[in-house]
Amino acid sequence: MKIKVIVTLKNGVLDPQGKAIQQTLNGMNFGNVEDVRQGKYFEIEVKEKDEKKAKSLVDDMCKKLLANLVIEDYKIV
Amino acid sequence: MRSSVIIFPGSNCDRDMDVALKKFGFKNQMVWHNDLSIPKSDLIVLPGGFSYGDYLRCGSIASKSKIIKSVIDFANSGGLVLGICNGFQILTETGLLKGILQQNKFLNFICSNVFVKVKDKQNKYFKDLKKDVLELHIAHNEGNYFCSDDELKSLEDNNQIAVTYCGDDGTENETTNPNGAIKNIAGIFNNNKNVLGMMPHPERMIDKYLSGEDGSLFFKNILDNFK
């Protein structure tokens, strides 16, 4: 079963790459771009048929490795 | 004083550290990350570099290496653990040190000499150090120290801020902050001050024919405090 995870910076944490992308977009005449936050996306193939169990495993992985909860939030989608 | 330098795939300051430690009289050994135990040591060093190519987050993969359990046990039993640059990043990822090193504020890799102010001398690294400001070297892309407000308060309350970026006269402000680190933080301790993580490289400042000798003071001081 494939589980998808999105890791993003928490609100309020400076994202200099996002800022640089936003400024570049503004410079390319996408003037209405007000903010960009960059994140990470994972597709995790888990050998598990029960979706609930698979997601709970991935949740544990997020806490232990995929996200650093000091600055990042994660979402299992 | 016996020391061990841990080598991870992608470490690149391990041999410089070995040279520096031996120069001042440490009996140093190199330890591979896949080993399960560390030879009897008084100091463990996690060196600088780009362990695992900085994949996922700097230091995150190395922080799950086989050897790390021994490092954590050693630290929890009061042993001295020093993490330089990538070693500092690894220590934050293990949870031995608070916070995280984010990408530099202006998205640039910084390679230059800096001055750092020693903020606390009630510890085995800086006790009785003759100088308050050291000239050291930094080379990093992710050195922008960040932690939550609560963590920062507890670092300040317990005097766990070890060194901060400053001018040659010790002035700390935005212009002497190379990477955007919160409160100009260049290095911190754990609660018991036996674990030290810092971005600057003392091992690069151990010879007058390199760019300075303030790193020598740092290593000699650890030895003096051990006696």
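A residue counts as buried when its relative accessible area is under 20%, and these close-up views of a predicted model lean on that cut-off throughout.

**Figure 1. A:Ile71, a buried loop residue with neighbours in both chains.** With a relative accessible area of 5%, A:Ile71 is buried. The residue sits in the loop of chain A that joins helix H2 (51–66) to strand S3 (72–76). What does A:Ile71 touch, leaving aside its neighbours within four places in sequence? In chain A, the contacts are A:Thr8, A:Leu9, A:Lys10 and A:Val13. From chain B come B:Ile100, B:Gln102 and B:Phe146. For a sense of scale, the C-alpha atom of A:Ile71 is separated by 28 Å from that of A:Phe30, and the two residues are 41 residues apart along the chain.

**Figure 2. The interface between chain B and chain A.** Here we step back to take in the contact between the chains. On one side are 15 residues of chain B, in contact with 16 residues of chain A. About 1,200 Å² is buried between the two chains, and carbon and sulfur atoms give 64% of that area. Which three residues of chain B supply more of its buried area against chain A than any other three? They are B:Leu56, B:Arg57 and B:Gln102, which supply 40% of it. B:Gln102 may look familiar from the previous view, where it is in contact with A:Ile71.

**Figure 3. Helix H1 of chain B and its buried face.** This helix spans residues 14–23, and its buried residues are B:Asp14, B:Met17, B:Asp18, B:Ala20 and B:Leu21. Looking down the axis of H1(B), you will find these buried residues within an arc of 165°, so they line one face of the helix. A reminder helps here: an α-helix has 3.6 residues a turn, so residues three or four places apart point the same way. B:Arg15 and B:Val19 are exposed, on the face of H1(B) turned away from the buried side. What covers the buried residues of H1(B)? The cover includes four strands of chain B, namely S1 (2–7), S2 (27–32), S3 (43–46) and S4 (80–84), together with helix H5 (214–226). After the helix comes B:Gly25, with a positive phi near 105°.

**Figure 4. B:Asp120, a buried aspartate in a loop of chain B.** B:Asp120 belongs to the loop between strand S6 (110–118) and strand S7 (133–140). Is B:Asp120 buried or exposed? Its relative accessible area is 6%, so it counts as buried. Two partners deserve a look in this view. The B:Asp120 side chain reaches the backbone nitrogen of B:Gln122 at 3.0 Å, and it also makes a polar contact of 2.9 Å with the side chain of B:Asn123. Not counting residues up to four places away in sequence, B:Asp120 touches B:Phe126, B:Asn159, B:Ile161, B:Ala162, B:Phe189 and B:Lys193.

**Figure 5. An aromatic cluster in chain B.** Two of the residues touched by B:Asp120, B:Phe126 and B:Phe189, return here as members of a cluster. Together with B:Phe24, B:Tyr125, B:Phe218 and B:Phe219, they form one aromatic cluster. Over all chains, the structure holds 6 aromatic pairs. One of them joins B:Phe218 and B:Phe219 in an edge-to-face arrangement, 5.4 Å centre to centre with 75° between the planes. Both residues are buried: B:Phe218 has a relative accessibility of 1%, and B:Phe219 has one of 0%.

**Figure 6. Cysteines of chain B without a disulfide.** There are 0 disulfides over all chains. Why is B:Cys85 unpaired? The closest cysteine sulfur, in B:Cys13, is 6.4 Å from that of B:Cys85, which is too far for a bond. B:Cys166 is in no disulfide either, and the nearest cysteine sulfur, that of B:Cys85, is 18 Å away. Both B:Cys85, at 6% relative accessibility, and B:Cys166, with a relative accessible area of 5%, are buried.

**Figure 7. Two loop residues of chain B with positive phi.** Most residues other than glycine have a negative phi, which makes this pair worth a visit. B:Asp54 has a positive phi of about 60°, and it lies in the loop between S3 and helix H2 (68–76) of chain B. B:Leu107 has a positive phi near 60° and is found in the loop between strand S5 (100–102) and S6. With a relative accessible area of 32%, B:Leu107 is partly exposed.

Key
Residues numbered from 1 in each chain as written. Chains lettered and ligands numbered in written order. Predicted model: local features only at pLDDT ≥ 70, side-chain atom pairs only at ≥ 80, totals over all residues. Heavy atoms only, no water. Disulfide = S-S within 2.5 Å. Buried < 20%, exposed > 50% of the residue type's maximum accessible area, 1.4 Å probe, protein only. Helix = DSSP H or I, 4+ residues; strand = E, 2+ residues; numbered from the N terminus. Arc of directions from axis to C-beta. Contact = heavy atoms within 4.5 Å. Polar contact = N/O pair within 3.5 Å; in protein donor to acceptor, adjacent residues only side chain to side chain. Phe/Tyr/Trp six-rings, centres within 6.5 Å; stacked < 30°, edge-to-face > 60°. Buried area = accessible area lost by both parts, 1.4 Å probe.
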